[in-house]
Amino acid sequence: MAHKITLIPGDGIGPEVADATVEVLGTLGVPIEWERVELSAAIIEKAGVSLPPHVLESVERTGVALKGPVTTPIAGGFKSVNVAIRKQLDLFANVRPVFTLPGLKTRFQDVNIDMVIFRENTEDLYSGLEHEVIKDVVESLKIITRYASMRIANYAFAYSKKNSRKKITAVHKANIMKLSDGLFIRCCREVAANYPEIAYNELIVDNASMQLVMRPETFDVLLLPNLYGDIVSDLAAGLVGGLGVVPGANMGEKCAVFEAVHGSAPDIAGQGVANPTALMSSSILMLRHLGEGVAADRLQQAIMAAFRQGDVLTRDLGGSATTRQFTDAVKRHIEA
Ligand code: NAI
């Protein structure tokens with residue numbers, strides 16, 4: 001029976017990378033029935049809500065979505081649709097594997113980077129609770145709960161055990177935010193105590209950022225509250241080739257939404273030069289979630305082969321290939 005999956009191409013480069021991904025999944029022959037749902041800054045502005053109900057209904061019905069980026073206005077305008085999706089579907093765990101790609105020239109090409117980032121996805125400074133106390137004084141509330149912290153810590157440790165990961169590093173700023181980050185870190189310690197086979201340590205977020213740049217190969221699994229997770233994921237993406245290559249998954253108990261780390265890249269949208277690797281790799285996480293492990297491995301190997309081939313890399317990776325040329329190369333490697 002075909003998997004029913006919601007496809008949200010998004011806007012900016014979203015439709016370009018989404019079409020490329022749907023095409024390679026088609027070459028794999030996995031039976032998928034797509035339910036395509038349009039969502040863009042323009043549609044949201046017209047609807048007057050961050051998350052129009054037809055999008056939510058579709059993902060609730062299928063339980064799985066593959067999503068491209070959606071533009072969010074900066075300093076004003078509607079609230080982030082991405083935050084709304086994560087909150088309304090209770091997608092509490094953001095999972096981002098970051099690893100070295102074969103043959104790709106980066107500043108860190110000589111070290112083997114292989115880490116998985118677990119970012120709490122529902123609270124912290126993303127609670128959207130901001131107000132102006134008096135003129136020119138604003139307040140944003142950072143919400144940390146035991147419930148959400150335990151849930152992400154349990155998820156990260158269970159995943160690490162299942163996938164034979166050896167060490168989890170919790171990242172915080174509890175020396176300053178003693179109450180909020182203090183609670184997060186206490187929850188991480190409590191869960192760590194149940195997993196004696198997994199090494200556990202903690203780093204303050206500023207030090208963690210420096211260590212990630214100086215010794216990225218020493219990190220295995222990172223466990224972070226929402227804001228640090230957001231920032232550190234982009235930093236980690238920069239170690240392995242940038243936003244064009246890093247996949248992501250937003251996992252909940254009932255639904256899962258797979259999307260790249262990158263945004264809608266308005267600077268290159270519509271030019272046919274976007275790198276589809278990140279969304280294709282996100283679809284690999286989706287295939288594993290659907291129990292399609294063999295197809296996931298085949299797509300992974302085909303992407304790796306395209307990177308090894310070297311002459312089909314997109315502009316963001318120092319190449320000159322178009323989205324089309326990279327996609328065709330991945331399809332050829334699948335068929336081979
Ligand atoms: P961005 O990720 O869109 O772009 C940052 C830089 O990376 C740009 O130079 C862009 O050209 C490049 N880049 C990103 N993805 C690429 C790809 N696949 N191939 C080649 N180059 C790529 O970040 P930015 O500019 O901060 O955000 C643009 C918009 O996207 C904003 O409205 C933001 O709110 C939204 N956004 C949406 C996300 C989502 O829907 N999940 C996530 C992050 C940002």
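Buried means under 20% relative accessible area, and exposed means over 50%. I wrote that cut-off down before opening the model, which is a predicted one.

**Entry 1: two residues with positive phi**

I looked up Asp 136. Its relative accessibility is 65%, so Asp 136 counts as exposed. I found it in the loop between β6 (130-134) and β7 (137-140). Its phi is positive, about 70 degrees, although Asp 136 is not a glycine.

I turned to Ser 164. Is it buried or exposed? Ser 164 has a relative accessible area of 52%, so it is exposed. Ser 164 sits in the loop between α5 (146-162) and β8 (167-172). I noted a positive phi of about 55 degrees here, and Ser 164 is not a glycine.

**Entry 2: helix α1**

I checked the length of α1. The helix has 15 residues, which should span 21 Å at 1.5 Å a residue. Its end C-alpha atoms are 21 Å apart, so the two values agree.

I listed the buried residues of α1. They are Gly 14, Glu 16, Val 17, Ala 18, Ala 20, Thr 21, Val 24, Leu 25 and Leu 28. What covers them? I found that the cover includes the strands β1 (3-8), β2 and β3 (64-67). It also includes the helices α9, α10 and α11 (323-335).

I then stepped past the end of the helix. Just after α1 comes Gly 29, with a positive phi of about 80 degrees.

**Entry 3: α1 against α10**

Two packed helices are described by the angle between their axes and the distance between the axes. I looked up both for α1 (residues 14-28) and α10 (residues 293-309). Their axes come within 10 Å and cross at roughly 120 degrees. Angles from 65 to 115 degrees count as roughly perpendicular, and those over 145 as roughly antiparallel. The pair falls outside both ranges, so α1 and α10 are oblique to each other. The crossing of α1 past α10 is right-handed.

Which residues make this contact? On α1 they are Val 24, Leu 25 and Leu 28. On α10 they are Ala 295, Arg 298 and Leu 299. By class I noted five nonpolar residues, no polar ones and one charged one.

**Entry 4: α7 against α8**

I repeated the check for α7 (residues 205-214) and α8 (residues 226-239). Their axes also come within 10 Å, but here they cross at roughly 10 degrees. Angles under 35 degrees count as roughly parallel, so α7 and α8 are roughly parallel to each other.

From α7, I listed Val 205, Ser 209, Leu 212 and Val 213. They meet Tyr 228, Val 232, Leu 235 and Leu 239 of α8. By class, this contact has seven nonpolar residues, one polar and no charged.

**Entry 5: helix α9**

I went to α9 (residues 277-289). It has 13 residues and reaches 18 Å from its first C-alpha to its last. That is close to the 18 Å expected at 1.5 Å a residue. How many of its residues are buried? I noted 10 of 13, and α9 is mostly covered. Among the buried ones are Leu 279, Ser 282 and Met 286. After α9 comes Gly 291, whose phi is positive, near 80 degrees.

**Entry 6: three single residues**

I picked Trp 34, which lies in strand β2 (residues 32-36). Its relative accessibility is 26%, so Trp 34 counts as partly exposed. Leaving aside neighbours within four places in sequence, Trp 34 is in contact with Ile 5, Leu 7, Val 22, Leu 25, Leu 66 and Met 286. I also looked at Thr 62, 28 residues from Trp 34 along the chain. Their C-alpha atoms are separated by 9.6 Å.

Next was Glu 259, in strand β12 (residues 256-259). Is Glu 259 buried or exposed? Its relative accessible area is 8%, so Glu 259 is buried. Beyond its neighbours within four places in sequence, its contacts include Lys 67, Asn 82 and Arg 86. Leu 279 and Ser 282 are also among them.

Last came Leu 51, in the loop between α2 (41-47) and α3 (53-62). Its relative accessibility is 8%, so Leu 51 counts as buried. Not counting residues up to four places away in sequence, Leu 51 touches Leu 56, Val 81, Ala 84, Ile 85 and Gln 88. I compared its position with Ile 152, 101 residues away in sequence. In space the two are 24 Å apart, C-alpha to C-alpha.

Technical notes:
Residues numbered from 1 in each chain as written. Predicted model: local features only at pLDDT ≥ 70, side-chain atom pairs only at ≥ 80, totals over all residues. Heavy atoms only, no water. Helix = DSSP H or I, 4+ residues; strand = E, 2+ residues; numbered from the N terminus. Expected span 1.5 Å × (residues − 1). Buried < 20%, exposed > 50% of the residue type's maximum accessible area, 1.4 Å probe, protein only. Axes fitted to C-alpha atoms, helices over the stretch in contact; angles between N-to-C directions. Left-handed = near helix turned anticlockwise from the far one by under 90°. Contact = heavy atoms within 4.5 Å. Nonpolar A, V, L, I, M, F, W, Y, C, P; charged D, E, K, R; others polar.
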